[in-house]
Amino acid sequence: MGAWGTGIFDNDTTCDVRDDFYELLEEGLSVEEATKEVLNTHLEDQDDEDDLEVVSWIYTGLAAAQLEKNLLQEEVLVKAIELIDRGADLELWAENGEDEDFEERKKILNELKSKLIGVNK
């Protein structure tokens with residue numbers, strides 16, 4: 001798993017989640033079926049607390065992918081916002097000690113949160 005930038009899809013996990021979701025939709029699965037399959041596949045080896053950063057990447061990636069397709073599901077939206085609010089996604093940038101990247105990632109996550117909330121209104 002690697003990250004090469006601060007954007008939502010600037011890490012392997014979120015790219016895999018997005019690509020898998022789109023592929024499953026193209027195969028004819030419903031949004032609900034595709035979401036369930038993506039979450040089952042990507043959360044399989046993750047512990048919500050021990051791997052919180054990865055879990056956050058999975059949900060923010062799925063929420064952003066669903067948002068791009070105008071197929072946002074309530075449970076994905078709620079979980080993504082919860083994880084953004086917890087700062088679960090910021091650990092990597094905090095560990096690297098690069099304040100500029102940390103603040104940029106925080107800004108990008110807050111922008112995603114605003115878009116998610118806007119859709120929910």
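Select Gln66 to start: apart from neighbours within four places in sequence, Gln66 is in contact with Phe21, Val31, Thr35, Leu71, Leu72, Gln73 and Val76. Contact here means heavy atoms within 4.5 Å. Gln66 sits in helix α3 and is buried, with a relative accessible area of 0%. Buried stands for under 20% relative accessible area, exposed for over 50%, and partly exposed for the range in between (1.4 Å probe, protein chains only).

The model is predicted, so local features need pLDDT of at least 70 and side-chain atom pairs count only at pLDDT 80 or more, while totals for chains, interfaces and linings use all residues. Residues are numbered from 1 along each chain as its sequence is written, and side-chain values use heavy atoms, with hydrogens and water left out.

**Whole chain**

Switch to a cartoon view. The protein chain has six helices and zero strands, in the order α-α-α-α-α-α from the N terminus on. Helices (H or I, at least four residues) and strands (E, at least two) are DSSP runs, numbered from the N terminus. Of the 121 residues in the protein chain, 42% count as buried. Among contacts in the protein chain with a separation of 6 or more, 62% come from residues 24 or more positions apart. Turn on the surface: the accessible surface of the protein chain is about 6600 Å², and carbon and sulfur atoms own 42% of that area. The areas come from the Shrake-Rupley method with a 1.4 Å probe; for residues, only the protein chains shown count as cover.

**Nonpolar core**

Next, select Ile8, Phe21, Val38, Leu62, Leu83, Leu112 and Leu116. These are the residues with the most contacts inside the largest nonpolar core, which has 33 residues. The elements giving two or more residues to this core are α1 (12-26), α2 (31-43), α3, α4 and α6. Of these, α3 gives the most, with ten residues. A nonpolar core is a set of buried Ala, Val, Leu, Ile, Met, Phe, Trp, Tyr and Cys residues joined through side-chain atoms within 4.5 Å.

Stay on Leu112. Leaving out neighbours within four places in sequence, Leu112 is in contact with Ile8, Thr60, Ala64, Leu67 and Ile84.

**Rings**

Select Phe21 and Tyr22, both of which are buried. A search of the whole structure finds one aromatic pair. The ring centres of Phe21 and Tyr22 are 6.3 Å apart and the planes meet at 50°, so the pair is tilted. Rings of Phe, Tyr and Trp (its six-membered ring) pair if their centres lie within 6.5 Å; planes under 30 degrees apart count as stacked, over 60 as edge-to-face and the rest as tilted.

Two rings have a charge over the face. Arg18 lies over Phe9, at 4.3 Å from the ring centre, and Lys79 lies over Tyr59, at 5.9 Å from the ring centre. The rule asks for NZ of Lys or CZ of Arg within 6 Å of the ring centre and within 35 degrees of the ring normal.

**Salt bridges**

A salt bridge is a side-chain nitrogen of Lys or Arg within 4 Å of a carboxyl oxygen of Asp or Glu. By this rule there are four salt bridges; three are visited here.

- Keep Arg18 and add Asp19: the closest N and O atoms of this salt bridge are 3.5 Å apart. Asp19 is partly exposed, with a relative accessible area of 38%.
- Go back to Lys79 and add Glu82, its salt-bridge partner at 3.7 Å, N to O. Lys79 and Glu82 are three residues apart in helix α4, so about one helical turn separates them. Lys79 is buried at 19% relative accessible area, whereas Glu82 is partly exposed at 34%.
- Select Lys107 and Glu111, which form a salt bridge with the closest N and O atoms 4.0 Å apart. Lys107 and Glu111 are four residues apart in helix α6 (residues 99-119), hence separated by about one helical turn. Lys107 is partly exposed at 46%, and Glu111 is partly exposed at 39%.

**Two loops**

Move to Gln46, in the loop between α2 and α3. Gln46 counts as partly exposed at 25% relative accessibility. Apart from neighbours within four places in sequence, Gln46 is in contact with Asp51, Val54, Val55 and Ile58.

Finish at Asn70, in the loop between α3 (52-68) and α4 (74-86). Asn70 is exposed, with a relative accessible area of 70%. Most residues other than glycine have a negative phi. Asn70 is not a glycine, yet has a positive phi of about 55°.
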